[in-house]
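Thanks for coming. I will go through one structure today, part by part, and take questions at the end.

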Amino acid sequence: MDLKSGYPWWAVRNGLLRAFPPLQGDLRCDVAVLGGGITGALIADELARHGHDVAVLEQRDIAWGSTAASTALLQYEIDTPMVELARRLGEEAAVLAYRSCAEAIPMLGRLAGQLRGTGFRRMDSLYFASRRRDVRDMEAECALRLRHGLDVEWLPAGAVRARYGFEAPAAILNRPAAAVDPYRMAYGLFARLQRQGVGVFDRNRVETIEVAPRSVALRTVEGHLVRAKHLVLAAGYASQQWLRQRVARNRSSYAFVTDPVDAAVLGPLRDTMLWETARPYLYLRATDDGRLLIGGEDDAIDIPARRDGRVDRKAHVLMKKVQKLFPELPLQPTFAWAGTFAETVDGLPFFGPHPQHGPRVHFAMAYGGNGITYSMLGAGLLRARIERRRHPLARLFSFERIG
């Protein structure tokens with residue numbers, strides 16, 4: 001799949017950080033992880049740290065797919081509001097999903113702290129009302145989050161203006177949240193795995209997957225055979241090619257990054273990411289070097305050539321929207337890009353086996369607005385499944401919830 005357009009900031013900023021070899025022969029392992037992005041990195045790290053013999057295969061260069069295009073806002077907030085998720089799946093399930101995502105933020109922070117240059121930093125998340133008619137629903141959302149112990153604060157219009165310098169009918173201030181350079185974090189994890197003796201191979205395209213009662217066999221285009229006890233499909237949005245059932249829909253999202261902005265001009269935006277109630281939503285956050293990263297303008301385009309042609313126009317639209325909120329900010333796009341992402345009906349991911357392939361093939365579909373947060377949770381969930389242990393999120397993040 002052609003997953004991105006334009007000039008994704010992380011790849012421009014970092015370049016090709018490290019070379020990983022292609023697979024040169026046949027291989028046996030406990031768990032084969034197909035996918036060399038941030039999701040595959042988190043899962044491979046979790047499994048290897050707990051004694052599993054892991055091998056990773058990526059068809060491109062490491063982290064060159066959706067990870068390079070990610071805007072990496074780390075939030076516990078799900079694209080589906082907690083109130084709506086409770087209506088769909090029950091309040092207990094909604095609370096479990098939100099609390100688990102909140103717990104994932106410090107987990108990611110601890111992991112990032114073991115690596116160099118990931119740019120991880122804690123932030124606040126400000127969810128603001130795009131229109132006055134959104135306020136009533138937001139009040140209910142804030143009340144439900146408060147009732148279940150999440151760290152939220154209600155801000156009326158005057159407080160939003162006084163503390164953040166823009167006009168909005170109301171907002172919910174949420175903690176914890178964070179930001180990271182997902183490209184460097186993925187490279188850091190894979191480099192550490194490689195030093196520990198884990199096989200990390202890029203530029204290997206898997207052509208066939210054959211499932212036996214006690215193993216899974218992967219045949220590459222080059223003719224090499226990888227035989228594993230379990231397979232984790234962490235190929236991002238390309239993982240859907242291995243399923244007959246359609247479990248998500250692909251869309252395109254657009255983003256741009258500015259030149260560094262003076263800290264005094266950024267003000268509270270240095271440490272606060274913003275996103276809104278409108279759908280598709282506008283969002284922005286500062287990078288660790290003081291740039292503004294702005295995204296949104298999602299559309300249903302899933303044709304690379306058409307997406308390519310929209311990047312500059314979408315960046316201009318995003319710039320105008322932010323200028324309306326913050327007229328004083330210098331917002332000329334320096335690099336602009338677009339990337340494929342996938343949406344599920346309820347905003348939750350899928351981690352685990354699908355009936356089509358049986359119990360030894362585990363999907364890692366961290367779809368939705370907070371994919372890295374989901375991937376952190378999914379790493380522990382998949383390890384529990386492989387080790388035949390119970391996990392509190394196993395059913396909620398499984399294919400069972402959609403029948």
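Where is N250 placed? N250 sits in strand β12, which covers residues 249–257. Before going further, please keep in mind that this is a predicted model. N250 has a relative accessible area of 16%, which is under the 20% limit, so N250 counts as buried. The side chain of N250 makes a polar contact with the side chain of Q240, at 2.9 Å.

Next, the strands. Strand β2, residues 27–34, pairs with strand β11, residues 225–233, in the parallel sense, and seven bridges join the two. Within that pairing, L27 has V226 in β11 as its bridge partner. Strand β2 also runs parallel to strand β3, residues 54–58, with four bridges between them. There, A32 is bridged to A55 in β3. As a general remark, side chains in a regular strand alternate between the two faces of the sheet.

Now the nonpolar cores. Which residues of the largest nonpolar core touch the most other members? They are L42, I43, M185, V232, F351 and F397, in a core of 89 residues. The helix that gives the most to this core is α5, residues 91–112, with 12 residues. A second core lies apart from it, with 33 residues, including L274, L329, L331 and A336.

Let me take V232 as an example from the largest core. Setting aside neighbours within four places in sequence, V232 is in contact with V31, A32, V33, L34 and I43, and also with H362, A364, L382 and I386. In general terms, nonpolar side chains in soluble globular proteins tend to be buried together.

On to the aromatic rings. The count of aromatic pairs comes to 15. One of these is F166 with F326: the ring centres are 5.2 Å apart and the planes are at 55°, so the pair is tilted. That pair links distant parts of the chain, with the two positions 160 residues apart. F166 is in the loop between α7 (157–164) and β7 (170–179), while F326 is in the loop between α11 (311–325) and β16 (335–343). Both F166 and F326 are buried. Elsewhere among the rings, F20, W64, Y183 and Y187 are linked into a cluster by ring pairs.

Cysteines next. How many disulfides does a search of the whole structure find? Zero. For C101, the closest cysteine sulfur is that of C142, 18 Å away, and this is too far for a bond because a disulfide needs the two sulfur atoms within 2.5 Å. Taken from the other side, C142 has C101 as its closest partner, at 18 Å, which is again too far. Both cysteines are inside by the accessibility criterion: C101 is buried at a relative accessible area of 0%, and C142 is buried at 4%.

Last, L150. This residue is in the loop between α6 (135–147) and β6 (151–156). Is L150 buried or exposed? Its relative accessibility is 9%, so L150 counts as buried. Beyond residues up to four places away in sequence, L150 touches Y76, M82, Y98, R99, A102 and R145. In sequence, L150 and P176 are 26 residues apart, and their C-alpha atoms are 9.1 Å apart in space.

That is the end of the tour. I am happy to take questions.

Technical notes. Residues are numbered from 1 along each chain as its sequence is written. This is a predicted model: local features need pLDDT of at least 70, side-chain atom pairs count only at pLDDT 80 or more; totals for chains, interfaces and linings use all residues. Side-chain values use heavy atoms; hydrogens and water are left out. Buried means under 20% relative accessible area, exposed over 50%, partly exposed in between (1.4 Å probe, protein chains only). A polar contact is a pair of N or O atoms within 3.5 Å; within protein, one must be able to donate a hydrogen and the other to accept it, and residues adjacent in sequence count only if both atoms are side-chain atoms. Rings of Phe, Tyr and Trp (its six-membered ring) pair if their centres lie within 6.5 Å; planes under 30 degrees apart count as stacked, over 60 as edge-to-face and the rest as tilted. A nonpolar core is a set of buried Ala, Val, Leu, Ile, Met, Phe, Trp, Tyr and Cys residues joined through side-chain atoms within 4.5 Å. Contact means heavy atoms within 4.5 Å. Two strands pair if DSSP finds at least two bridges between them.
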